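Reader: I would like to go through this model by question and answer. Please keep the answers short.

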Amino acid sequence: MNKLTALVSKKVGKKSQYEEIAEATYGAATTDKEALDGNDESIERERSNLSLPTAGNDRAANAMNISPSRMSSSTGTGFGQDIEETPPSLCLYLLRNAASVTIIILLTIICALSGERASTRGEAADLVEDKMTAGSIKWRPCQIYLDNDLEWNNKKQLLQTSLGDPSTHWGQVPCLVRKRKPSYSKFYEDQNWNWFGSSTFSSDKQEPIEYGQPSAQIRTNFGKKAHPNRQPIMGFGGAFTEATALNFMTLNKSGKDAIIELLFGKSGLGYTLGRVPMNSCDFSPKSYNFDDVEDDFTLEHFDNHVEHDVMSGMIGMMLQADGKVSDSWPDDRLDLFASPWSPPAWMKKPTQKDAWDAVHAVNMTNSPEPNCLREGTGPDSRYAKSWALYFSKFVSAYKSWGLNLFAVTVQNEPEFPAPWEACAYNPDNQAEFIANHLGPRLDEDHPDVKLLMFDHNKDHAVAWGETILDENNPASAYVDGTAIHWYAGGMDRLLDGALGQPNMHRFMSMLKYQNVSEDHLILGSEACHCPTTGYYGGDINVAWARAERYAHTILADLAAGSNGWVEWNLVLDSIGGPNHLGNLCDSPLLAVPYRAGGEHNISWLPDFEHTGYLNGPGTSRGDSRTREELNSMGMPAEYIDRGVIVQPMYYYMGHISRHVRPGSRAVPALVDQSNLGPNERTFREIVGNTSVAGGGVNDLARVGIELTLWPCEGSTRQVWEFSKDGRLQVFGHDWLGVPTASCVSKTPDKSFGGLALTTCDHLAASFDMSVIKEGGDSYNMILTNSIEKEAQICLIAKPLESNGGAYGPRGGAQVTLGECNGDAALFEFNKMTGELTSSLFENEGGDVCMTTGWPFLQVGGFIDRNEGKKTVVILNEASDNANYVLRGDEGDILMTSSIPGHSIQTLVL
């Protein structure tokens with residue numbers, strides 16, 4: 001309650017309606033007596049309570065004296081919520097007794113506020129004056145700016161999931177509504193009241209007042225499609241592995257129903273894509289196939305009923321999912337695609353694990369290189385021909401069950417001769433297999449089924465495309481798309497999902513110069529975190545970091561032009577299996593049937609799980625916690641009681657998949673720096689001559705992370721130390737709290753084409769800063785320990801191909817080495833802030849800062865298939881809150897708000 005409201009409340013002896021609304025939303029706070037006693041601190045604290053609907057983390061909650069559990073609650077007053085109270089008698093009382101101009105002014109302000117809140121259109125109350133709150137609170141309240149003729153309705157909402165309040169998922173954030181132009185608010189049926197003072201946003205050029213922290217400028221353009229000629233987004237989904245089906249079958253009916261609704265239903269993720277392993281994969285208890293009769297080239301013994309997939313529950317689960325999608329999303333359908341890990345062993349060459357005189361592989365696991373198939377992939381290979389027929393029969397078998405596959409991939413991870421089921425190819429022999437066998441067979445038997453090449457990591461996607469999609473290569477005529485995985489490819493699993501975004505843009509550019517059809521699909525076909533599950537590890541911060549990595553990669557892939565994103569297993573057990581090679585991984589949903597009765601401290605694994613607990617029985621921190629403890633960590637008790645663990649990854653995924661529906665398209669969107677100049681960044685605090693980078697720990701300061709250029713945000717991901725030996729260093733901690741220190745490499749990565757972080761030793765670059773112009777601020781960063789001694793080499797900015805997709809040229813440009821002449825080689829190093837900036841893209845919107853990986857604050861913008869619904873997803877990986885101003889097509893302000901640390905928001909317009 002502010003001073004004005006408190007004064008009037010005392011006069012009439014009751015609370016104002018505005019005060020009652022605030023208390024209903026945020027809870028009772030300071031009393032009238034405290035305010036009237038002149039306690040400025042309590043008054044300002046009350047003003048904070050009235051003005052900031054949501055903060056979402058304990059730090060902000062403590063600062064504002066608000067319980068974190070109330071700040072993003074979906075039960076609070078939100079968008080378009082009607083207030084059924086009658087107009088307050090306060091206004092009539094003052095109207096009859098007004099004796100001075102002061103009281104009349106007070107009357108007008110309060111009636112305007114309360115009357116608008118009680119209007120039949122249900123619009124939220126506007127702030128009396130931004131200036132009254134900007135000086136007293138740090139975080140910007142949520143305000144929506146509307147045109148006169150734009151009716152507010154319940155379809156517009158700001159949803160939030162936050163680590164500060166982990167048990168509230170997709171919670172609706174209360175926002176205030178402001179009009180761009182002067183308007184009228186209906187107070188009584190026969191009387192209108194004008195807005196008073198500056199409570200309307202009367203000028204398009206008027207800028208919102210800054211609060212305690214500078215606001216990031218989030219720029220979107222819903223009038224422009226990022227990839228206008230390409231296919232729209234197909235949707236999101238996961239894999240129906242045998243492990244998924246077996247875990248699904250352990251649940252009772254209530255648990256199974258919960259899984260299907262959570263994944264495919266209207267109240268769930270709304271998945272519309274599904275991946276199906278053709279034969280066994282590592283997430284099976286053991287290897288299997290559908291024709292194990294040696295040299296059965298015509299596949300007379302092929303199991304046309306795919307009995308194994310029926311008995312395991314895979315077919316039944318897919319049929320339930322298909323029905324749920326049809327019932328819940330009438331405009332959508334479940335699109336399934338199949339991927340093989342290995343043909344039957346009799347089709348494969350012997351592996352290194354087989355006897356020297358073996359005729360063929362003994363098992364489906366492992367693979368010879370570079371071509372796994374007996375007799376190769378030439379036109380006369382009987383085994384390649386039979387393997388192509390196998391694809392056709394598998395598609396037909398699934399069709400007989402009412403499951404129509406829309407596509408198949410040639411081979412899962414063809415570059416990896418894995419210890420589990422595998423079949424290696426290189427680009428040339430995969431092209432041969434497509435051109436000589438698989439392409440013609442599918443064209444003849446299933447012309448409606450699409451063929452996707454590659455199905456491996458981003459590092460070599462471009463090289464494979466340059467070979468297979470070359471218009472002079474006969475394979476190119478049969479290929480409809482490319483499947484890509486999110487893994488980094490090494491043993492550092494904390495790099496999964498963190499690498500390869502510049503290659504996505506490079507791949508898009510390659511499609512154009514190779515004259516590939518614009519219908520060519522790019523599908524993210526596999527992603528997961530390993531090892532084991534967040535539930536088993538029991539660290540909420542790690543589980544949350546995994547969710548954030550999911551959201552980051554999805555938004556970045558869609559911005560680059562991807563048509564969809566499919567995670568790995570839909571459901572696993574508590575430790576992340578079964579996997580017959582012990583390769584335990586995570587999934588958003590876990591089956592824990594032993595907890596359906598409310599039990600805990602039980603060590604139980606299903607019969608098909610042979611790996612066992614990583615650290616022995618009784619080591620699962622999730623199993624040791626009560627349902628109440630898990631609920632407080634964001635794993636809802638209502639599903640635990642049904643034998644299902646719902647992890648934070650699920651809710652982060654839902655912020656995207658529930659609203660970016662099939663047919664949607666990405667639009668230009670970028671988080672830009674604040675408008676206040678280089679010393680005022682979104683996260684940085686400057687006190688006197690001291691600069692403190694914000695955002696919290698830099699968890700991307702690790703070997704292997706790519707260096708990129710983004711708008712400056714003042715965070716630890718953009719702070720560099722120039723050491724005495726000329727090395728550019730960065731410091732941080734990983735997800736487990738282990739300190740990390742890395743340096744800029746002296747050699748660009750061969751696969752990604754840019755520089756990455758490396759160890760601070762002989763592999764690190766040493767630079768000499770050479771001033772370009774006396775008295776100027778621009779430097780050449782000259783490499784002093786170059787391998788090439790002939791020419792002078794400098795640090796340079798390298799623009800993204802395909803113009804950076806939806807992010808534009810300033811959203812993730814690479815940093816590499818090159819010639820020292822030209823603007824690309826000019827940098828400025830700020831010793832106080834540690835920022836290394838480039839002005840190469842100044843004409844595109846401003847300077848950019850060298851960044852480890854990507855900034856903390858990210859965004860994705862989308863329009864639906866009818867170009868009516870607009871969706872903005874905002875991701876904050878920082879520990880600190882961030883203020884922002886969301887702008888539309890012409891720079892018009894759509895919304896001003898803040899996002900708590902470690903949170904994700906979805907704005908639906």
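**Loops, core and a helix pair**

Author: Ser-802 sits in the loop between strand 30 (793-798) and strand 31 (813-819). The model is a predicted one.

Reader: Is Ser-802 buried, partly exposed or exposed?

Author: Buried would need a relative accessible area under 20%, and exposed one over 50%. The relative accessible area of Ser-802 is 22%, so this residue is partly exposed.

Reader: What is the phi of Ser-802 near?

Author: Most residues other than glycine have a negative phi. Ser-802 is not a glycine, yet its phi is positive, near 60°.

Reader: Which domains give residues to the largest nonpolar core?

Author: This core has 170 residues, and Phe-433 is one of those that touch the most other members. Helix 14 (residues 382-400) supplies the largest share, eleven residues. The core lies between two domains because both give residues to it: domain 1 (235-599 + 624-662) and domain 2 (696-855).

Reader: At what angle do helix 14 and helix 15 pack?

Author: Helix 14 contributes residues including Trp-387 and Phe-391 to the contact, and helix 15 contributes Phe-433 and Leu-438 among others. The contact residues divide into seven nonpolar, two polar and three charged. The axes of helix 14 and helix 15 (residues 427-445) are 9 Å apart, and the angle is about 35°.

Reader: Which residue does a cis peptide bond join to Glu-369?

Author: Most peptide bonds are trans. The bond after Glu-369 is cis, with omega about 0°. Its partner is found in the loop between strand 10 (335-340) and helix 14. That partner is Pro-370.

Terms used. Residues are numbered from 1 along each chain as its sequence is written. This is a predicted model: local features need pLDDT of at least 70, side-chain atom pairs count only at pLDDT 80 or more; totals for chains, interfaces and linings use all residues. Side-chain values use heavy atoms; hydrogens and water are left out. A nonpolar core is a set of buried Ala, Val, Leu, Ile, Met, Phe, Trp, Tyr and Cys residues joined through side-chain atoms within 4.5 Å. Buried means under 20% relative accessible area, exposed over 50%, partly exposed in between (1.4 Å probe, protein chains only). Helices (H or I, at least four residues) and strands (E, at least two) are DSSP runs, numbered from the N terminus. Domain bounds come from an automatic or database domain assignment. Axes are lines fitted to C-alpha atoms, for helices over the stretch in contact, and angles run from 0 to 180 degrees between N-to-C directions. Contact means heavy atoms within 4.5 Å. Ala, Val, Leu, Ile, Met, Phe, Trp, Tyr, Cys and Pro count as nonpolar, Asp, Glu, Lys and Arg as charged, and the others, Gly among them, as polar.
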